[in-house]
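User: Could you take a close look at one part of this model for me, the second chain and its ligands, and then show how it ties in with the rest? Plain bench talk is fine.

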Amino acid sequence: MAALPEFENHAQQSIKTTTCYMCACRCGIKVTLEGNEVRFIQGNPKHPVNKGVLCAKGNAGIMKQKSPAKLTQPLLRKAGTERGSGEFEPISWDTALDLLTQRLRKIRATDPKKLAFFTGRDQMQALTGLWASQFGTINWAAHGGFCSVNMAAGGLYMTGQSFWEFGDPDWDHAKYFMLWGVAEDHASNPIKIGLEKLKRRGAKFVAINPVRTGYQAIADEWIGIRPGTDGLLALAFVHVLLKNEQFDWDFLSRYTNSTQLVIDAPGTSEHGLLLRDGSGELQVWNQATNAPDAWVDTRVSAALFGEFKTVEGVQVKTVMTLLVEKYLSDDYAPENVAQRTGVDASTIERLALEMAHVAFKETITIDTPWEDWAGRKHEKFVGRPVAMHAMRGISAHSNGFQTCRAIHLVQILLGAVDCPGSHLAKPPFPKHVAPPVKPAKHMAPNTPLASPPLGFPMGPEDLVIDDNGDPLRIDKAYSWEAPIANHGMMHMVINNAVKGDPYSIDTLILFMANMSWNSSMNTAEVQQLLKKKNDDGEYCLPFIVTCDAFHSEMVNFSDLVLPDTTYLERFDTISLLDRPISEPHAACDSIRQASIEPDRDVRPWQEVLIDVGTRLGFPALSNEDGSAKFKDYKDFIVNWEKAPGIGFLAGFRGENGEKSMLGEPNQNKWDAYIENDCFFEYKLPVNQRYYRFANKDYLAWAKSVGFNAHDGPIVMELYSETLQKFKLAGQGLYDGPLPKADVDKQRLIDYFDPLPDWYVPLEEQRIDNKAFEFHAVNQRPMFMYHSWDSQNAWLRQIMTHNYLYMNRAKALSMGIEDLAWVWVSSHHSEIRCQVKLMEGCNPDTVWTWNAIGKQSGAWGLDKNAPESKRGFLMNHLISELLPSVEGERRLTNSDPVTGQAAWYDLKVNIRLAAPGETGVYPEFDTIKPLPSMSDTPSVLKYATHTAVNIERSMSDVIKRGGLR
Amino acid sequence: MKLGLVIDLDTCVGCHACAVACKQWNTSGTTGPLSDYQPYGEEPSGVWFNRIRHYEVGDYPTNKTINAPMSCMHCDDAACVTVCPTGASYKREEDGIVLVDQSKCMGCNLCSWACPYGARELDEEAGVMKKCTLCVDRIYDENLPEEERKPACVLTCPSHARFFGDFDDPQSEVSSLVRERGGYAMMPELGYQPVNKYLPPRQRPKAPTVAAKQSEDSGGLIAKWLKRQKDAFNQLGEG
Amino acid sequence: MHPALSVIFFTVTSGAGYGLLLLLGSARLSGIAPEISSNQTLFAGIVGLVLVTLGLLSSTLHLANPKNAWRSFARFKTSWLSREAVFAILFYPICLVWLAVVWAVGNSTLSLVLGLFVAVMSIVILVCTAMIYASLKTIRQWNNPLTTVNFILLGLLLGSLILLLMLHQQNIVVSRLIVISVFLISLSALTKIIYFVWIGQPAGPTINTALGFTRATVRILDVGHSSDTFLNKEFGYEVARARLIWLRCLCVLLAFVVPAFLVSGVIGEVGFIHLIAAAFSAYVGVFVERWLFFAEARHVVNLYHGRQQT
Ligand SMILES: Nc1nc2c(c(=O)[nH]1)N[C@H]1C(S)=C(S)[C@@H](COP(=O)(O)OP(=O)(O)OC[C@H]3O[C@@H](n4cnc5c(=O)[nH]c(N)nc54)[C@H](O)[C@@H]3O)O[C@H]1N2
Ligand SMILES: Nc1nc2c(c(=O)[nH]1)N[C@H]1C(S)=C(S)[C@@H](COP(=O)(O)OP(=O)(O)OC[C@H]3O[C@@H](n4cnc5c(=O)[nH]c(N)nc54)[C@H](O)[C@@H]3O)O[C@H]1N2
Ligand code: SF4
Ligand code: SF4
Ligand code: SF4
Ligand code: SF4
Ligand code: SF4
Ligand SMILES: [Mo]
């Protein structure tokens, strides 16, 4: 073999491990550097999340680093110019932070709620949440409310674990996998790794999604469901399973509240609550004594079915009885849901029976002895290898919370929760239903909150409302309009604050959220709101601070812009106190280490938060005398403790880094992480890997490391007493706060069914469905992250503009041809865009890629870039408010339980644009470039060194005949 | 040796990771940089060695979506090589990799005309033809850990839809995959004998169902369960 | 295929040059124009060489890296382009020697032999040029014998008209040449029309065989890039059907019908104006023909971009 030249000068290269943040999946990466330039970014094979692979975005990190849209210095809106006009002057960090601190100090000393601090698709809620608590404002939340709180809440109020990034299907053992409404999700690489494992093992993969692209492309069976009807489909599965007696009797009795007793006393405040004894113990029906007995007493032979009367004369039914009564009704019979869901009755029945077959006839076991919470010893873990995963196709509907519960119900009936082959929780999950943290509602000047701003209400008394019943939070989370808004309602903040409803605020800090563009519903109007002034000429929203790393649309609407570093330029933590990177069988966290020197005057937001918090004298950050407790962010991470032994990073604790999960601060922690490729993984012992909701050893450990407050069993709530309490409140029967407005009462009655339920999505209930024939939904493109990636020279070559996709036969029947320009209208507004026809699309559905459209001039792009001329956002069509009803206050377009933004409830009609009507509508003004933004190159020739060519010898050229 | 790739259409989700990984590696690789034109302008485009296309097979509702990544097939009978007047294009004798010697190419495009698979792209900035090198600058680099001596696209693929190996070795992973999964060549009728092979979507056997037993109405079912529960309890009592 | 003007100009112009030199080189022996004087040979020969040279120069404009053009001689063994390049270069000394002999010695056996040699070289080069295209299995519109036939015939046609123009004062020769021209026009019109009909039938690989899914309709959903790439620009050229038909008519009209009428004397006595018009018309007609030759050629890579068949 002819010798090959030396291609790379390895001596000049170095490799740094760190954590990717081209998206929130947070894969481990190895960055090969040549000087201060990146030669190559690859997956770290040892990393628990991505095991060496990397997605398209991760592979394009170099071009993020090269982006012309990078912010370079702090900016202040020029005095006398209008907000949104893009006139900024560069200021120094000192000036910027002085300005900010002064303003915040005043707010904190007078009325802390006048600061609202909201963060987008970030991953440092532990820090920002702590910061807000220390500041003393309850007006803090992250993106969860407009993202997927329905999945978190649906799971945490039912099984103690959830979809989203908090659990994973058991890719290694599942034999049947059902994917509900997922295009890409946060576990971007893990899902792909997992799907291949499933297919290699011959498992069946069923995809339920109105659109067949991406993951659904490789599904063995595609169910092109009509949007918003998954709950109905899931409950029809429940119907078939029950009717065919396919449910796990033991699992239900042992691990769920199915045997608990529900009081049947209509018209009273007791109705629908669970029977308790004098000491508050939940009761079951003891068949031996024919009387109630404690659920916790596992010696009791509890009835799963039955209707009983206690000696005191209380009429009760077991939860399971109520459940079968509800779901065996004809409402959920396959033939009666087929029309609505667009799925054949025979298919519904077959799928349910296929799952039952796998669960009960293809049961698997893992021969590891374990002990449950009650001391019962088990020889092995029994697995019902049916796994599911669901995401925004479910959550982004106003019936998403209940739909998510309906899906969990299918899992629970099959006994397919946290057992081998099913859906597995990732530590710190599972948690008790629901986690015992209540949202804060009391504030006082210069005082930290007593509890975190966000928590889990267990009844009306936990709402964050004043004595009048009015919302206390600026986003109206935890009010009657969204009682279980566990993640806040970021999508309502600008609207509410500008309208002064419930009150006005002074300063809005946004971190990593593009709220004037793709992250808001009703974008065009939000931009107007941001510019809106009150009668005295002041902005209704007086001061907007944005921390971003790039020239986003939101930066343009800010008063103070604090430029962040890129992910390759900073130290950072991905903490177990936050949204961790854990795997089902390991508690994990990780760090980022700076690999590249920033070439601009930028600071990591982490540093800024610590700095500003210290200046403001937060007790967690500063001493009595005002001096700083911590030198900087790195020092804070090392030495701050939430509770003794528990800090942001669980690995390498103890003085010498010898302890895991718990232990004293280790001064060499950062180095220890770097040494370990920037992550830490605590693998659960084999007997703690399944049935963790009831696994004695796991529960004891989870308590000891601070995941859970106690080590009692986690009981799955098929029947939610919490929901019933709200329902009672709606009926005026609750002993506690009661809603005043009729609409609030009715919503509690209609949507707070204690058993998983389905109802028509709210927008659909209020519009003329003949006039708005189509459902309109979005999908995430696998190669772009929201708005971030149009600035990426490589990724944008894959897609610079989007189309509205329609079912071919349906479109042609309406005279709409491929690439036609159409008007798309909703009850709220209209857009013009270009159509593309396809086969794999539910005929009643149209869809497009999310966040491809950009405002002209943003993101370092040419003002005529196709992103702004041909790309469009569906957001213009979506209103943050439901269609109005005479005499009723405007309601948020959100799930009535959780406040989750109902992006995918959108219904539209479509008509051909007139000849010559082309180009997207609406068009927005071109955003001005920022001062000191450099010109963009017309050609890019990125390379870290001169290429070493392989020379073909002239003799070979001349001598060789054909190919050989 | 006959080196090449196997691509599994049964697991490719069309994520473009391999395409970008290829771009990333090769822009500083032996034929780099891979130029990008108007990177932030109206018509951004550039040189890529690997492109992912998405197709639909069949009509709704029996449609299937196929994601098809394509790069150089390192054809055994590669007309791209025979047409090349300068000798810049050649197929390596030792391993069959088809390469372009960047110093010899005159940029006549003829090889790209001869390639049925769209695997060659002219770099307008450099004026020379470029194409997939099968990451020749990775796979033989002994400074890399052995398990990383694979093409960038193979290393990165999240759904493990890409395999690299020696088709001359019947024991290799690629050979056995082709054997076992019915690996096929694209557009075989042109006779280029592409080395890269594609694995068709797997045909899954029908999933079994539990026997349906919907005989009773719901009232009957609950009564039956009540009885079952009582019987079980009584048995417990007796035992 | 993208119809690159440099390549069209090259094949048409140097084709005309070689056609002319072919006729010229063999003029006396073949009896096409035994009466031709050495001066006339010299003049026409220079014209032919100029045409050839203009064409070749133009062809280098098509190269993205012309500084390596010299390397194109390297792969004579397998590459038609290399062969063309080698022969084209070899052609110069031979042609120049011939013209020198004609100039110095006048018509002689030596010049006769050399002329013949030039003629043979010319036809070889025309074949080589044609084979560059005809050998590509990826483009079925090219990958057939008619490509070579057309290249040769159209080169000869143009060559004959140019020769006619240059010899227009010699009546005997002209009438003979007219017969030859009309014959060439008819034959090339015939083969071209056969060609048009022939490429009209869809054939060859389909999107189904291209992807290996042969049992159902295959449609493109997304090509995976928003802007055109090298592949789209080079191979994605599409002309509207109506425009194609119009251009084909124009081609037949200008390349065949008009010259045939003009030289055959149907519209008035054949004079210089007629001949120059005929040559010009034919040149433009062949230019359109060559443009169509590219524009109508559909590379199989288009199958991957969604075309059902080429
Ligand atoms: N590449 C990339 N990855 C990302 C992101 C990104 O922007 N790019 N964003 C991240 C974020 S913040 C999030 S929240 C996640 C979201 O990840 P996903 O949950 O995958 O979210 P979407 O892309 O919104 O996909 C929703 C899917 O549900 C389908 N769908 C819509 N309505 C219904 C319905 O009623 N029923 C069913 N069954 N399906 C329906 C749509 O067709 C689509 O396929 O992705 C994260 N990961
Ligand atoms: N129509 C429609 N709209 C939607 C959705 C939908 O499905 N359909 N999905 C919704 C969902 S689920 C979500 S989560 C939201 C996404 O909402 P956002 O979280 O707002 O997402 P991005 O648009 O990515 O905006 C994040 C901002 O972070 C900035 N950024 C990136 N990296 C850094 C960094 O390192 N530091 C700092 N400080 N800033 C950085 C980016 O420049 C960008 O301006 O969108 C929502 N919007
Ligand atoms: S999924 Fe991709 S972008 Fe997201 S963290 Fe992993 S590699 Fe980075
Ligand atoms: S795929 Fe194309 S470039 Fe690669 S060897 Fe085959 S013909 Fe040549
Ligand atoms: S473009 Fe370069 S490699 Fe291709 S045929 Fe021409 S000289 Fe050869
Ligand atoms: S083998 Fe290397 S050069 Fe070829 S497509 Fe894969 S990454 Fe690109
Ligand atoms: S990386 Fe893998 S899954 Fe993604 S497009 Fe490439 S081959 Fe397909
Ligand atoms: Mo999200």
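Analyst:
**A close look at chain B**

Let's start with His16(B), which sits in the loop between strand 1 (3–8) and helix 1 of chain B. (Helices are DSSP runs of H or I with at least four residues, strands are runs of E with at least two, and both are numbered from the N terminus.) Before going on, a word on the ground rules: this is a predicted model, where local features need pLDDT of at least 70 and side-chain atom pairs count only at pLDDT 80 or more, while totals for chains, interfaces and linings use all residues. Residues are numbered from 1 along each chain as its sequence is written, chains are lettered from A and ligands numbered from 1 in the order in which they are written, and side-chain values use heavy atoms, with hydrogens and water left out.

Back to His16(B). Its phi is near 70°, a positive value in a residue that isn't glycine. That catches the eye because most residues other than glycine have a negative phi. His16(B) counts as buried because its relative accessibility is 3%; buried means under 20% relative accessible area, exposed over 50%, and partly exposed in between, using a 1.4 Å probe and protein chains only.

Gln38(B) has a positive phi too, near 45°. You'll find Gln38(B) in the loop between strand 2 and strand 3 (45–46) of chain B, and with a relative accessible area of 35% Gln38(B) is partly exposed. Another backbone oddity in chain B is the cis peptide bond from Gly32(B) to Pro33(B), with omega near -10°. Pro33(B) belongs to the loop between helix 1 and strand 2 (36–37).

Now the ligands. A residue is taken as near a ligand if one of its heavy atoms lies within 4 Å of it. For the class counts, Ala, Val, Leu, Ile, Met, Phe, Trp, Tyr, Cys and Pro are nonpolar, Asp, Glu, Lys and Arg are charged, and the others, Gly among them, are polar.

Ligand 7 has 13 residues around it, and the nearest are Cys12(B), Cys15(B), Cys18(B), Cys157(B) and Ser159(B). By class, that shell splits into nine nonpolar, three polar and one charged.

Around ligand 6 you get Cys22(B), Asn26(B), Phe49(B), Asn50(B), Ser71(B), Cys132(B), Thr133(B), Leu134(B), Cys135(B), Pro151(B), Ala152(B) and Cys153(B). Helix 1 (17–27) and helix 5 (152–156) of chain B each put at least two residues into this shell. The shell of ligand 6 has eight nonpolar residues, four polar ones and no charged ones.

Ligand 4 is surrounded by 14 residues, with Cys72(B), Cys75(B), Cys80(B), Cys115(B) and Arg120(B) coming nearest. Its shell is made up of eleven nonpolar, one polar and two charged residues.

How does chain B tie in with the rest? One answer is a network of salt bridges that links Lys199(A), Asp220(A), Asp10(B), Arg202(B) and Arg204(B). (A salt bridge here is a side-chain nitrogen of Lys or Arg within 4 Å of a carboxyl oxygen of Asp or Glu.) The chemistry is familiar: side chains of opposite charge can pair when their charged atoms come close.

Over all chains, the structure holds 83 salt bridges, so here are a few from outside chain B. Arg219(C) and Glu839(A) meet in one, at 2.9 Å from N to O. This pair joins two chains, because Arg219(C) is in strand 1 (residues 218–222) of chain C while Glu839(A) is in the loop between strand 32 (830–838) and strand 33 (845–849) of chain A. Both ends are buried, Arg219(C) at 18% relative accessibility and Glu839(A) at 5%.

Within chain A, Asp506(A) and Arg103(A) form a salt bridge at 3.0 Å, N to O. The partners are 403 residues apart: Asp506(A) lies in the loop between helix 15 (493–499) and strand 23 (507–511), Arg103(A) in helix 3 (residues 93–110). Arg103(A) is partly exposed, at 28% relative accessible area.

Glu165(A) and Arg121(A) make one more salt bridge, their closest N and O atoms being 3.4 Å apart. Glu165(A) is in the loop between helix 5 (149–156) and strand 8 (167–169) of chain A, and Arg121(A) in the loop between strand 6 (115–119) and helix 4 (125–135), so the pair ties together parts 44 residues apart in sequence. Both Glu165(A) and Arg121(A) are buried.
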